Amino acid sequence: MPFIPHTPDDVAQMLEAIGAKKVEDLFDEIPKDLRIESLAGIPDALNEMQIGRLMSARAAQDGTPLNFIGAGAYEHHIPSAVWAVTTRGEFYSAYTPYQAEASQGTLQLIYEYQTMISSLTGMEVSNASMYDGGSAVAEAALMAIRAHRKSRSQRVLVPTTLHPNYRRTAVATTGGQGVRFEEVACPKGVLSVADLAKYQGEDIAALVIQQPNFFGVLEDVDALTDWAHANNIMVIASVNPTSLGILKPPGEWGAKGADIACGDCQPLGVPLSSGGPYAGFLTTRMEFVRQMPGRIVGRTVDTNGKQGFALTLQAREQHIRRGKATSNICTNQGLLVTAATIYLSLIGPEGLARVANECHRNTQELVGALTRVKGVKLAFEKPRFHEAVLLLDRPVAPVLAELARRGIVGGFDLSNDYPELGNALLVCATETRTAADIKAYADALAETLKAAVRAA
Amino acid sequence: MAMLKHPEKIIFEYSRPKRGAYGQWPTEEGTPNAVASDIPENLRRRKAPLLPEVSELEVVRHFTKLSQLNFSIDTHFYPLGSCTMKYNPKACNQYAMLPGFLNRHPLAPESTGQGFLACMYELQEMLKEVTGMQGVALSPMAGAHGEFAGVAMIRAYHRARGDLARNEIIVPVAAHGTNPATATMCGCVVKEIPVNDDGDIDVEALRAAVGPNTAGIMLTNPSTCGVFERRIREVAKIVHDAGGLLYYDGANLNAILGKVRPGDMGFDVIHMNLHKTFSTPHGGGGPGAGAVGVGARLLPFMPIPVVGKEGDKYRWLAEKDLPQSIGRLSAFMGNAGVLLRAYIYMRMLGREGMHRVGEFATLNANYLMARLARAGFDPAYPGRRASHEFIITAKRQARDLGVSAMDIAKRLLDYGFHAPTTYFPLLVPECLLIEPTETESKEALDGFIDAMVAILKEAEAQADLVTSAPHTMTVRRLDDVRAARQLDLTWKPAAA
């Protein structure tokens, strides 16, 4: 029996100890008419050799196309050591560290993670993770509403330059509590203080600013943060952690800094893996720590005065506070925090800046190569980081379909989320793309567009 | 496995300027690393972040040492009630981490993801079959996230019918804390009802609690008391007759897998903790996966995306296909890699394996309960069958010997066993909630019983040995009060 160690002899001895004749008797409290006899819809068992064959075939079917999509999930180099250590059974198969004495490894790792991600975002404290970058925005909005000292408003301003799926996740997660997300249109590809003018003096809890924004364009974060604070609005920063190797951390935006920073740890050693598991991060200033959702680890001492680590401020959490908790989150994304912490340790401060610079350089080269193709131009002539919007002279979807046939995943089609932009395509080249990769894309795009002209 | 006795330094204490894992950098050390001139000065970082500067070996050794400070399923028996700490088969990890799966971008065209989508579609179908539900959505990323999806669907259902007053969620006092916290997050009001002395919910109290404001009830069955809710049919009728819906918290699904299905019991919506029942790893706190299953009434409200099949092609169903959906709960499609692991596990168990999970989990729990009762421990519900877990109350030991449930739990660590869940559910005093799972051998269970017997003897002869435990871990009991009062949440370099 796969994964069940019992011998017939074991079963007999155990039933005797229980005083039951057969295993079936142990279910005699379940009403008979509710019992099922067979699960016809479940296939026969596969042994490991057979499942290995099946999964290898399915994975091979998906191939490994050359990827130029970012849009919130980025293909970076992942050092071998990250997953070699992360998948050690002692991390992989451990539970939430509630029994602190038997979980010091996980607890210390989270403490180290909190240190790294707080510093990276320029904040003072971090929790131990949210589900992903989208849920982190939702929780940050709820937190800002709780933490706001001078307003009871449930209005949150979100520019359309925030990732559309982050916006959708935030709306779906917070709508039940009456939170109202108001979208601020950004026709020029950035959020400007002018776009916000109509909200001047209104009672609003928070403004979300994504940096770099969904289009890869850099927002004027200092001016936006100062405008929000002058209007008694808290600032939530949604940031890409790789970019923080070279970009100003949210804690230093404007005169006072953002109030909450969040985002996704995926770029830090986590594979794309069709969208998950990733890990959301959420950091803030010490003054708001008691409004944070999720687990937090603190350093303390044991009865002998020796250093140790434990979950702390648990009175915020659901297992203590139940209906009055700051969030319902329990299970988080611990193993991905493990991967991110190992990644940041390996890459270091200079390495992270090098990764960021190399991504930016590659994306600039990609933009250069693709805009030299006839029928392609750049959408926003503005400072950017590591991602850009291109405009094609025809609908994007058929072009992407043809590129996919050529083994190239050519970017993210923006026409569903931003029809006002026309035939817009979001592209990205991280440090993993070579000059040859970029040339291969540019050549394939040129051929695709030319062929389409001929066909027309 | 022997625990490492000495503590491990904080990684920053290894850090030295000009040290690094240079082989991981995209550009060579010593080459220029200036920020491109097109990035405006005022948007640049001025001060480097506090990240360690360490060699690759130092990183590997440090984190390997940290791992050795943990108990885990791979190293220890982990009878944590309500958590289903069963073996996580290595094949599930290995085959979920094939390059074709790992390198796939979530927004890549469906044509380049047919292998992955086929696994997801079949997972949906298998989960429908084992739970008796009509539809399954995979995107919720944890149990509480699935709960959120479930209660949000209940709210959406009532609202779509114009039944706007229904905002009360009924929850038994023994429920997981996530149940009332979720109801609050969905904008509902929580109404708690008591549990009888035999562990079943108080049906008369339920009858009195339901009414025109009832949105639904959240139940775990078998309950967190470790017993099957025998009057579940009656409970379902009371709630449905009042116009409410039934939510099934799947935390304890392992107990009944292949034996009885939530859909047949009358539940309208359910979440499954794939990281419990379907053996994906707990990862030191996550990631989980909290897939939701729904009955016919809630099908239009499922969270998106869901995998659909047309002919022999698979595709995502999203806003256009499910316009009444409660929406997106994640940036992409949830914890895809976790879902792959659950799929592999279910295929390896197969039809017969599903039935065996419930059977052997229940056999192990009842064996442990019977042996511990005979050894002098008090089951909280002695007249009842254990489900896949059961409660021992140490109320008598606390009163007579001054040894609490927490003391017993901590002393178990010295014997090389992870502690059971303590002080949950809150209604049982000095509670130890014990769940052995089906993957543990009789010898492992016997070893645990021997340790419990030895601890009881110690408690009688030399209680302070137990009350001051653990003695063999890297640290002794930690000062939680200090941790909360003198907050030290990040490492800071010593002042120069």
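At what angle do the axes of helix α1 of chain A and α10(B) cross? Keep that one in mind for a second, and remember as we go that this is a predicted model. The answer is roughly 50°, and the two axes come within 8 Å. That makes α1, which covers residues 8-18 of chain A, oblique to α10(B). If you're wondering about the hand of it, α1(A) passes α10(B) in a left-handed crossing.

So who is touching whom here? On the α1(A) side you have A:Val11, A:Met14, A:Ala17 and A:Ile18, and they meet B:Leu363, B:Asn366, B:Tyr367, B:Ala370 and B:Arg371 in α10(B). Sort the residues of that contact by class and you get seven nonpolar, one polar and one charged.

Okay, second pair of helices. In general, we describe two packed helices by the angle between their axes and the distance between the axes. Take helix α2 of chain A, residues 48-62, and helix α4 of chain B, residues 114-131: their axes are 6 Å apart and the angle is about 135°. These two are therefore oblique to each other as well. From α2(A) the contact uses A:Arg58, A:Ala59, A:Gln61 and A:Asp62, while α4(B) brings B:Gln114, B:Gly115, B:Phe116, B:Ala118 and B:Cys119. This time the split is four nonpolar, three polar and two charged.

Now zoom out to the whole interface. Chain B puts 172 residues into the contact and chain A puts in 168. On chain B's side, the largest share comes from our friend helix α10, residues 336-374, with 21 residues. By class, that side of chain B has 87 nonpolar, 50 polar and 35 charged residues.

Next, chain A on its own. Its C-alpha trace spans about 80 × 60 × 50 Å along the principal axes, and its secondary structure comes to 13 helices and 15 strands. There are 456 residues in the chain, and 62% of them count as buried. Look at contacts between residues at least 6 apart in sequence: 76% of those join residues at least 24 apart.

Chain A is divided into domain 1 (8-62), domain 2 (66-75 + 349-455) and domain 3 (80-342). The C-alpha centres of domains 2 and 3 of chain A lie 29 Å apart. Their contact takes 22 residues from domain 2 and 20 from domain 3. On the domain 2 side, the elements giving two or more residues are α11 (334-371) and β12 (388-392) of chain A, and α11(A) gives the most, with six. That side has 14 nonpolar, three polar and five charged residues.

Last stop: some backbone oddities. Where is there a cis peptide bond in chain A? One joins A:Gln211 and A:Pro212, with omega about -20°, and A:Pro212 sits in the loop between β5 (206-211) and α9 (221-230) of chain A. Over in chain B, another cis bond joins B:Ile304 and B:Pro305, with omega about 5°. You'll find B:Pro305 in the loop between β7 (292-294) and β8 (306-310) of chain B.

And then positive phi without a glycine. A:Leu313 has a phi of about 50°, in the loop between β10 (307-311) and α10 (318-321) of chain A. Is A:Leu313 buried or exposed? It has 21 C-beta neighbours inside 10 Å, and the cut-off is 20 or more, so A:Leu313 counts as buried. A:Arg322 also has a positive phi of about 50°, and its place is the loop between α10 and α11 of chain A. With 23 other C-beta atoms within 10 Å, A:Arg322 is buried too.

How values were computed: Residues numbered from 1 in each chain as written. Chains lettered and ligands numbered in written order. Predicted model: local features only at pLDDT ≥ 70, side-chain atom pairs only at ≥ 80, totals over all residues. Contact = placed C-beta atoms within 7 Å. Helix = DSSP H or I, 4+ residues; strand = E, 2+ residues; numbered from the N terminus. Nonpolar A, V, L, I, M, F, W, Y, C, P; charged D, E, K, R; others polar. Axes fitted to C-alpha atoms, helices over the stretch in contact; angles between N-to-C directions. Parallel < 35°, antiparallel > 145°, perpendicular 65-115°, else oblique. Left-handed = near helix turned anticlockwise from the far one by under 90°. Domains from an automatic or database assignment. Buried ≥ 20, exposed ≤ 12 C-beta atoms within 10 Å, placed from the backbone.
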